[in-house]
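Student: I'm new to this structure and don't know where to look. Could you pick one part where side chains come together and walk me through it slowly?

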Amino acid sequence: MDAVSRIRVVIAKPGLDGHDRGVKIVARALRDAGMEVVYTGLHQTPEQIVRTAVQEDAAAIGLSILSGAHMTLFAKVIELLKENDASDIVVFGGGIIPDDDLPELERMGVARVFTPGATMEEIVEWVRSSVPARV
């Protein structure tokens, strides 16, 4: 993929969770795979995340959530994307998310959730095949 048409992804750590090792590894893996990655850092609000994604013309938002607030945080990000006419931005995520919550997250519009044990190769390949590049 050339520099003109690269996948641009905002990687975010919403809420009060301060564990950022995994999200940094994912951000680096996507970057090393040739994607443009904007990592927003810790303690971001859904509003900040969506604002960044819109301003950066991102094709996807990846959320890392370990706090247990995944249902609320994913729902708020998706709601804000709709309000900002940005529903075309693909939302995916990962973290400590119970299997029982996955069908509801999918129903609300989360494209994919990676749980512990997912490999960086799996995440990179999914993003490559599921997220459009922006020119």
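Tutor: Let's start with two aromatic residues: F114 is buried, and W126 is buried too. Keep in mind that this is a predicted model. F114 and W126 belong to a little cluster, in which ring pairs link F92, F114 and W126.

Let's build that cluster up pair by pair. The count of aromatic pairs comes to three. One of them is F92 with F114, an edge-to-face pair with the ring centres 6.5 Å apart and 90° between the planes. Look at where the two rings come from: F92 lies in strand β4 (residues 90–95) and F114 in strand β5 (residues 112–114), so this pair ties together parts that are 22 residues apart in sequence.

How hidden are these two rings? F92 has a relative accessibility of 3%, and F114 comes in at 6%. Buried means under 20%, so both F92 and F114 count as buried.

Now step along to the next link. F114 also pairs with W126, again edge-to-face, at 5.9 Å centre to centre and with 75° between the planes. This pair links distant parts of the chain as well, because F114 sits in strand β5 and W126 in helix α5, 12 residues apart. If you trace the cluster on your screen, you go from F92 in strand β4 to F114 in strand β5, and then on from F114 to W126 in helix α5.

While you're at that helix, have a look at its charged residues. Helix α5 covers residues 120–130, and R128 and E125 are three residues apart in it, so about one helical turn separates them. Their side chains meet in a salt bridge, with N to O at 2.8 Å. Side chains of opposite charge can pair when their charged atoms come close. Unlike buried W126, R128 is partly exposed at 41% relative accessibility, and E125 is partly exposed at 44%.

That salt bridge has company: the count comes to eight salt bridges. Another one joins R31 and D32, whose closest N and O atoms are 2.8 Å apart. Here R31 is partly exposed, with a relative accessible area of 46%. D32 has 54%, and since exposed means over 50%, D32 counts as exposed.

For a contrast, turn to K13 and D17, which meet in a salt bridge of 2.8 Å, N to O, and are both buried. K13 has a relative accessible area of 0%. You'll find K13 in the loop between β1 (8–12) and α1 (21–32). Even leaving aside neighbours within four places in sequence, K13 is in contact with a whole list of residues, including H19, V23, Y39, H43 and L66.

To zoom back out, UniProt lists residues 6–134 as "domain: B12-binding", in an unreviewed entry. Over residues 6–134 the chain is 42% helix and 19% strand, with the end C-alpha atoms 6 Å apart. If you take away one picture, make it the cluster where ring pairs link F92, F114 and W126.

Definitions and conventions. Residues numbered from 1 in each chain as written. Predicted model: local features only at pLDDT ≥ 70, side-chain atom pairs only at ≥ 80, totals over all residues. Heavy atoms only, no water. Salt bridge = Lys/Arg side-chain N within 4 Å of Asp/Glu carboxyl O. Buried < 20%, exposed > 50% of the residue type's maximum accessible area, 1.4 Å probe, protein only. Helix = DSSP H or I, 4+ residues; strand = E, 2+ residues; numbered from the N terminus. Phe/Tyr/Trp six-rings, centres within 6.5 Å; stacked < 30°, edge-to-face > 60°. UniProt positions renumbered as here; feature names shortened; annotations may be inferred. Contact = heavy atoms within 4.5 Å.
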